[in-house]
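Student: Could you take me on a close look at one part of this protein, the place where two of its domains meet? I'd like to follow it step by step.

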Amino acid sequence: MRKLLFGLLPLAFFACTSSSEETSETADQTMTQEQKYAEDAHSYSEPNSAVVKHLDLDLYVNFEIKKIKGIATYKIETSEGATQIVFDTWKLDVGMVKDGQGNELEFEMGEYDPTFGSPLIVNLGENTKEVSITYMTNPEAKALQWLSPEQTAGKAMPFLFTQSQAILARSWVPCQDSPGIRFTYTANVQVSKGMLALMSAVNPQEKSEDGKYRFTMEQPIPSYLMAMAVGDIEFAPIGDRTGVYAEPSMLEASAYEFDEMDEMLVAAEELYGAYVWERYDLIVLPPSFPFGGMENPRLTFCTPTIIAGDRSLTALVAHELAHSWSGNLVTNATWDDFWLNEGFTVYFERRIMEAVYGREYSEMLAELGMQDVKGTVDRLGHEHGDTHLKLDLDGRDPDEGLTDIAYEKGYFFLRTIEEAVGREKFDAFLKGYFNENAFEVMDTEGFLTILNEKLLVTEELQNAVNVKAWVYGPGLPESFPDVNSSRFDAVESAAEKWIGGTPADELNTAEWTTHEWLHFLRNLPNELNTEKLAELDNAFGFTNSGNNEILAAWFQHTIRNGYTAADPAVEAFLISVGRRKFLTPTYEALIEADPSKEKARAIYAKARPNYHAVSTGTMDALLDWNSENS
Ligand SMILES: [Zn+2]
């Protein structure tokens with residue numbers, strides 16, 4: 001996006017060298033390294049001039065007016081001669097800015113952009129080390145989702161949760177909203193009595209008497225990992241270091257579903273070294289949460305759509321847990337390097353799943369991932385720039401350019417390296433990489449330098465992998481690895497038999513997991529008549545499945561082929577679930593079946609109030625929806 005031109009910025013800052021001896025008193029707080037922070041096109045902040053180091057946050061959460069009143073007090077570091085510090089904000093109402101001594105500081109809000117918000121430019125005094133911002137959020141704040149009691153499982157109390165990634169933190173906290181800038185934080189949060197507040201920090205396990213909570217996060221994190229949830233929430237322990245938070249009516253099912261969390265944590269540590277965040281807890285949010293999960297440190301946020309009752313969708317927990325290393329410990333420098341967060345995490349997720357459930361199981365996940373990434377490349381076009389691992393998201397909302405590519409092409413790139421050098425060497429390399437770069441940021445080029453120096457040391461290895469094609473080239477390279485799932489081979493032959501005339505109830509499906517069912521549904525022909533679909537539905541009960549992955553895959557067939565018996569279930573699904581991964585293909589199928597979009601829009605009108613801004617952003621565009629419709 002546009003960067004501001006700071007006419008007032010002293011030239012001295014650009015030439016900031018180690019000539020800071022004169023300022024011996026403040027030497028420890030004066031940055032001597034030139035341009036320490038990467039250019040981030042998605043943040044107005046100028047961290048090479050003035051950067052935040054620690055945040056003390058005071059928040060008052062008001063459900064009635066759907067606003068958070070806050071004071072954000074930052075400890076900052078400045079370069080020599082810096083006269084300003086710049087924060088990102090999105091529709092924040094800033095009342096006052098003060099320094100550590102309580103003196104008011106002059107500030108100015110720059111031009112507003114619907115995607116990037118407004119820069120908050122604060123003039124610094126000569127020795128300003130602390131900046132305190134009093135502010136109020138807007139009811140439209142994109143990171144915040146305010147749920148009415150009816151939108152929760154318990155229907156008794158309202159609920160609030162945040163989603164800060166990628167650039168939404170600025171809509172609830174004024175911050176330097178770039179993944180390359182880390183800070184520690186504390187928070188005092190006041191909520192209504194009877195509610196529990198949680199953050200990406202050391203968390204309470206019980207409700208307080210007065211609705212006041214105190215949080216600390218001692219490890220430095222970037223702003224996109226700032227998180228909060230407030231509601232009628234209770235806690236159940238799983239292991240010594242793990243546990244689950246959920247609404248009371250969801251707690252028992254959640255604790256059952258995630259019973260293997262401890263085992264996953266142990267498997268993860270064996271692979272990549274000690275878990276440094278002390279506790280690993282998980283909160284199951286109401287269904288409108290737009291993602292599968294969000295790796296907020298110490299407290300993963302996750303969708304209830306993975307509670308299938310049979311622990312079959314817990315790969316998502318392995319994924320979010322894996323982020324404790326890739327992403328939260330070693331963080332992508334900008335959103336253009338997003339694959340460093342997600343590709344590593346998918347690779348790591350499948351290694352955890354392999355360690356806990358075996359290779360046959362993890363190969364099913366890999367094959368589903370392969371289908372996903374091939375589908376994404378087909379959809380985007382094989383030469384499309386968004387199919388590169390290293391992205392160019394300048395000027396765009398990063399959320400729009402972040403697709404399966406970072407996840408699955410990233411995974412298969414790392415798998416290609418593993419297969420070229422051997423697993424033992426690759427594991428040792430990764431362990432060292434996370435260890436040496438803990439709490440640092442990494443860009444693509446930095447990683448490739450380390451990779452070439454330490455691992456791909458011969459020309460033969462470099463040719464076998466072909467890094468350039470993977471990272472800077474479009475589509476899927478020739479060195480794409482083979483995936484072989486014997487369990488999926490059996491599924492494919494069952495699907496063939498059924499197409500050939502074997503009745504559905506005679507197929508050998510007794511041992512199938514969710515992944516096999518998904519593969520089965522994905523392997524059916526696009527065109528199936530109502531009779532055939534009814535036969536499947538009678539044999540396997542797809543329309544009434546409690547498993548959201550299966551429902552979403554099944555609805556592709558029912559919508560396309562006009563199997564109206566499933567229509568009420570489609571509508572109920574779209575109204576109750578807010579996870580974008582399911583919404584996009586389901587609405588797309590509705591539009592394909594009825595290009596006037598009438599049917600899709602009729603359902604959307606009912607469902608939209610239940611969705612988070614991340615999901616409505618995508619669906620509004622898909623359905624040509626504007627505010628006049630609502
Ligand atoms: Zn992830």
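Tutor: Sure, and keep in mind that this is a predicted model. Let's start with the meeting of domain 1 and domain 3, which bury about 1,400 Å² between them, with 64% of that area on carbon and sulfur atoms. Why quote an area at all? The size of an interface is often given as the accessible area lost when the parts come together. On the domain 1 side, the residues that lose the most area to domain 3 are His42, Pro179 and Arg182, and together they make up 37% of what that side buries. If you'd rather count residues, 18 from domain 1 are in contact with 16 from domain 3. The C-alpha centres of these two domains lie 31 Å apart.

To find your way along the chain, use the domain assignment: domain 1 covers 11-226, domain 2 covers 233-324, domain 3 covers 330-484 and domain 4 covers 486-629.

While you have the model open, here's a helix pair to look at too. Helix H16 (residues 548-560) and helix H17 (residues 567-576) have axes that come within 11 Å and cross at roughly 130 degrees. That angle is why H16 counts as oblique to H17. The crossing of H16 past H17 is left-handed. H16 brings Asn548, Leu551, Ala552, Phe555, Thr558 and Ile559 to the contact, while H17 brings Ala569, Val570 and Phe573. Sorted by class, that contact of H16 with H17 has seven nonpolar residues, two polar ones and no charged ones.

Note on methods:
Residues are numbered from 1 along each chain as its sequence is written. This is a predicted model: local features need pLDDT of at least 70, side-chain atom pairs count only at pLDDT 80 or more; totals for chains, interfaces and linings use all residues. Side-chain values use heavy atoms; hydrogens and water are left out. Axes are lines fitted to C-alpha atoms, for helices over the stretch in contact, and angles run from 0 to 180 degrees between N-to-C directions. Helices (H or I, at least four residues) and strands (E, at least two) are DSSP runs, numbered from the N terminus. Angles under 35 degrees count as roughly parallel, over 145 as roughly antiparallel, 65 to 115 as roughly perpendicular and the rest as oblique. A crossing is left-handed if the near helix is turned anticlockwise from the far one by less than a right angle, and right-handed if clockwise. Contact means heavy atoms within 4.5 Å. Ala, Val, Leu, Ile, Met, Phe, Trp, Tyr, Cys and Pro count as nonpolar, Asp, Glu, Lys and Arg as charged, and the others, Gly among them, as polar. Domain bounds come from an automatic or database domain assignment. Buried area is the accessible area (1.4 Å probe) that two parts lose on being put together, summed over both.
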